[in-house]
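Student: Hey, got a minute to look through a model with me? I'd like to know what I can read from it.

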Amino acid sequence: MKDQQLWNRIKASHPDEVEADFPFSVRLARDNGWSIEFAARVVAEYQRFAYLSRIKAGIVTPSDEVDQAWHLHLTYTKHYWGPFKSALGGALHHQPTRGGPDQAALFRRAYAETLDLYRQEFGEPPADIWPPADIRFGKAPHFRRVNTRDVWLIRKPQWPRFLKVSVRPLSNLPTSAWGGLLAMLCLALGTRIAFAHGSPAGETFFERTRNRIGHWASQHEFEFVFSLIVIGFVAWIVFGKSSGSPSRRRSRRDSSGCSTSGRDSSCASDGGSGCSGCGGGD
């Protein structure tokens, strides 16, 4: 280990040392839906991250799990800016980011460098707390804080990996392409329904439409269900993209991090996809 004395000071400055009936690690577990045992492991990894921030020139980037411990610790202002800062020998800053593709690439590199430094100091990082970059920067920005008294949480089905890999490139098609495909599918389905068996029975438009759809649902089940699935999938892609252009969505996703400032010039860069810290400076 590069600085054993520094590590000993950080280990001794544990957030749970704050006098409270509701300890830091228990609050962290509650806020994130973790077990107390897992939260305690995350706090230990957060302390390791803080150590890495002091021995690395420039920024270090935590996993999302470690970042949750960091966020919570920042609310314990007396401990964070008191004994914890003294243990580090300086401030560990955490600030919002500007976001953007350049910052996303920057912080992916910083995360990889942080993991490399971790391996040098502590060995292989635990994968359930320090996941690969595609998970760290792919899933983490989609977390939301919800009240389980008001909503039910139901896990999404896990699609086979080969299907996810084959479908993923399709999601990068422009919205105009998906819109055109949806229009053609609707036209084809509508034309097929309209002319397959002549004009449907019914005196009003509503009755004719109801009879037409009912005929398809009862007599052409496979085509009906398949068409609905395809149209639903295309509509999901289109409306998922309708919140903004790819560059705007990327900016929002990349704004989940922070910037740092400190003695090293690389610490002055703002933001990126993920959070960062810099060990130097006050």
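Tutor: Sure. One term up front: pLDDT is the predictor's confidence in each residue, from 0 to 100. You need it here, as this is a predicted model.

Student: OK, where does pLDDT stay under 50?

Tutor: Residues 278-282 are one such stretch, and the model has 26 contacts for them beyond four places in sequence.

Student: And what's the mean pLDDT of the chain?

Tutor: The mean is 75, with 67% of the residues at 70 or more. Over residues 241-274 the pLDDT is below 50, yet that stretch has 101 contacts in the model beyond near neighbours in sequence.

Student: Switching to helices: at what angle do H1 and H3 cross?

Tutor: Roughly 145°, with the axes of H1 (residues 4-12) and H3 (residues 36-55) coming within 10 Å. The crossing is right-handed.

Student: Which residues of H1 make the contact?

Tutor: Leu6, Trp7, Ile10 and Lys11, against H3 residues including Tyr51 and Arg54. By class, the contact has six nonpolar, one polar and three charged residues.

Student: How many aromatic pairs are there?

Tutor: The structure holds 13. In one of them, Trp34 and Phe38 have ring centres 5.2 Å apart and planes at 80°, so that pair is edge-to-face.

Student: Why do the rings of Tyr46 and Phe84 count as a pair, and of what kind?

Tutor: Their centres are 5.8 Å apart, which is within the 6.5 Å cut-off, and their planes are at 20°, so the pair is stacked. Tyr46 sits in H3 and Phe84 in H5, 38 residues apart.

Student: Buried or exposed, those two?

Tutor: Both Tyr46 and Phe84 are buried.

Methods. Residues numbered from 1 in each chain as written. Predicted model: local features only at pLDDT ≥ 70, side-chain atom pairs only at ≥ 80, totals over all residues. Heavy atoms only, no water. Axes fitted to C-alpha atoms, helices over the stretch in contact; angles between N-to-C directions. Helix = DSSP H or I, 4+ residues; strand = E, 2+ residues; numbered from the N terminus. Left-handed = near helix turned anticlockwise from the far one by under 90°. Contact = heavy atoms within 4.5 Å. Nonpolar A, V, L, I, M, F, W, Y, C, P; charged D, E, K, R; others polar. Phe/Tyr/Trp six-rings, centres within 6.5 Å; stacked < 30°, edge-to-face > 60°. Buried < 20%, exposed > 50% of the residue type's maximum accessible area, 1.4 Å probe, protein only.
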